[in-house]
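Please look over the sequence and the model shown here, and then read the report that follows, which moves from aromatic residues to the chain as a whole.

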Amino acid sequence: MAIDKINTAGLGDSAVTASKLDSAAVSPTAVSDTSNTSTGGLSLPTGTTAQRPSSPDTGESRMNTTTGSLEFYDGTTWVSTNLIPTISSITGELNNAYASSLVFAITGNTDSVDVVFSEGGSSFHTVQGQIVSAGAFTLATPSQVYGQTAGDTITIKIINADGTPSSNAITKTVLTAPTGGTITTSGGKRYHAFTSTDNFVIASGWPSTTVEYVAIAGGGGGSGDLAGGGGAGGHVTGTFTATTNTYVATVGGGGAGGPAVRGTTGSGVDGNNSRINGIGTAAVGGGTSGHYNDGGATAGVGHAGGSGGGGGGSSSARAGGAGTAGQGNDGGVSSGPNNFAGGGGGGAGAVGGDATGVIAGDGGIGTTTYNAWGAATSTGVNSGGTRYYAGGGGGGTYSNVTTASADGGIGGGGVGWGSSRVSSAGAVNTGGGGGGGGYDVTAVQTAGAAGGSGIVILRYTM
């Protein structure tokens with residue numbers, strides 16, 4: 001390449017003067033073979049990648065402002081003189097609600113890199129000093145990034161430790177995170193707790209997600225008049241693949257308690273089912289309890305349900321209702337004539353207690369299977385640091401017996417009516433059975449108590 005002029009700024013005393021350069025051609029030997037003793041710098045052509053010469057000579061050099069690197073032409077291609085990082089891929093998504101994990105695969109990187117997030121051409125946040133191992137690193141998105149508005153487009157670049165920017169950028173659209181219920185996070189999972197029927201919504205664009213669920217049905221009500229305790233609501237768990245959709249989380253209410261009457265109308269009401277509509281099987285509502293019912297031959301048997309209701313005090317011992325396999329347990333057996341004490345309602349963790357003489361049966365204990373779910377969502381009954389759901393209701397008896405009323409099972413079971421003259425409802429959102437009604441010393445029947453409502457909880461990995 002013929003040299004007509006060169007930039008003489010910074011050249012030493014032995015260099016040719018600018019005036020001579022203006023009046024005569026400079027030979028290659030005069031430029032290349034003359035010692036340069038200057039301590040200044042030699043300016044090179046500067047421009048973007050798009051501004052590279054169309055027909056470069058081998059060895060031609062320039063500063064590329066796009067890549068941030070000096071480069072030269074080797075006769076075939078332009079070669080950078082320092083590493084130019086490239087983002088091969090970014091796995092993971094940005095959302096408007098919580099931190100997610102972005103997994104970077106990169107090449108041409110230094111041992112650590114900075115990550116730059118931009119929107120509309122302006123950088124708004126930089127995460128510095130991410131350590132790279134085998135061309136990869138994982139970044140938990142900071143709140144400045146995941147707090148952006150859903151639908152925004154975020155541009156992601158990286159910068160090597162020497163300040164060289166990546167040759168490319170990857171864009172991500174901020175997605176709308178799933179909604180519905182009361183949302184908490186714990187142990188790398190996001191929980192949605194539904195205490196009443198509501199929608200779990202997966203918005204458009206959200207990736208397919210494996211969702212775990214627990215559904216606990218409403219507890220059965222305790223019947224009135226010498227009744228057993230209400231059975232706890234059944235429980236189910238499983239997983240499903242959630243895609244763009246609206247899923248209805250149906251939360252079963254507790255069954256009503258039976259009125260303070262003697263006769264068939266004294267029966268309580270079974271609890272209601274809980275489920276994610278269209279997903280798996282329903283958690284079956286707890287069965288209501290048997291009661292005195294004038295001593296008829298078939299009177300007093302507890303109802304079947306998720307867990308069965310306790311048998312009622314009658315002319316002979318009456319069986320508790322059957323629990324649903326895998327969801328709950330049977331209700332307890334009542335005592336026979338001259339005692340008339342009700343059996344305890346079945347719980348998710350144990351059968352209801354049998355009545356003994358004038359002493360009514362306690363409700364069956366609830367389940368601790370969902371302890372982690374309860375701890376994360378602050379639901380269930382906390383007993384000694386462990387969360388219980390679906391305890392059975394205690395049975396009812398006479399109020400003039402010397403023992404206390406029958407206890408409900410841990411997990412929301414209500415207390416049965418007795419010497420303490422109380423009959424309590426199952427705890428809300430536990431699926432606990434209601435306490436059974438009794439018989440006052442003044443020859444007055446007493447009412448049973450309602451079962452506790454159920455709950456539905458979903459969770460997925462963040």
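One aromatic cluster in this predicted model is formed by Phe200, Tyr213, Phe240, Tyr247 and Tyr460. Among these residues, phenylalanine 200 can be followed in some detail, beginning with its place in strand S14, which covers residues 198-202. With a relative accessible area of 1%, phenylalanine 200 is buried, because a residue counts as buried when that value is under 20%.

What is phenylalanine 200 in contact with, leaving aside its neighbours within four places in sequence? The contacts of phenylalanine 200 include Phe240, Tyr247 and Tyr460, which are also named in the cluster, and they further include Pro178, Thr179, His192, Phe194, Val211, Asn245, Thr246 and Leu458. Glycine 252 lies 52 residues from phenylalanine 200 along the chain, and the C-alpha atoms of these two residues are separated by 16 Å.

A search for aromatic pairs across the whole structure finds 12 of them. In one pair, the ring centres of phenylalanine 104 and phenylalanine 137 are 4.5 Å apart and the ring planes stand at 10°, so this pair is stacked. Because phenylalanine 104 belongs to strand S6 and phenylalanine 137 to strand S9, the pair ties together parts that are 33 residues apart in sequence. Both partners are set out below, together with phenylalanine 200 from the cluster.

| Residue | Strand | Relative accessible area | State |
|---|---|---|---|
| Phenylalanine 104 | S6 (residues 101-107) | 0% | buried |
| Phenylalanine 137 | S9 (residues 136-140) | 5% | buried |
| Phenylalanine 200 | S14 (residues 198-202) | 1% | buried |

Turning to the whole protein chain, its secondary structure comes to 4 helices and 22 strands. How do its overall dimensions look? Taken along the principal axes, the C-alpha atoms fill a box of roughly 130 × 35 × 30 Å, and the radius of gyration of the protein chain is 38 Å, whereas a compact globule of 462 residues would have one near 23 Å.

Of the 462 residues in the protein chain, 45% are buried. Among contacts with a separation of 6 or more, 52% are accounted for by residues 24 or more positions apart. The protein chain exposes about 19100 Å², and carbon and sulfur atoms supply 50% of that area. As for charge, the protein chain has 14 positive and 24 negative charges, and the mean positions of these two groups are 5 Å apart.

Conventions. Residues numbered from 1 in each chain as written. Predicted model: local features only at pLDDT ≥ 70, side-chain atom pairs only at ≥ 80, totals over all residues. Heavy atoms only, no water. Helix = DSSP H or I, 4+ residues; strand = E, 2+ residues; numbered from the N terminus. Rg over C-alpha atoms; globule rule 2.2 N^0.38 Å. Buried < 20%, exposed > 50% of the residue type's maximum accessible area, 1.4 Å probe, protein only. Contact = heavy atoms within 4.5 Å. Areas by Shrake-Rupley, 256 points an atom, 1.4 Å probe, with all protein chains shown as cover. Lys, Arg positive; Asp, Glu negative; His and termini not counted. Charge placed at Lys NZ, Arg CZ, Asp CG, Glu CD. Phe/Tyr/Trp six-rings, centres within 6.5 Å; stacked < 30°, edge-to-face > 60°.
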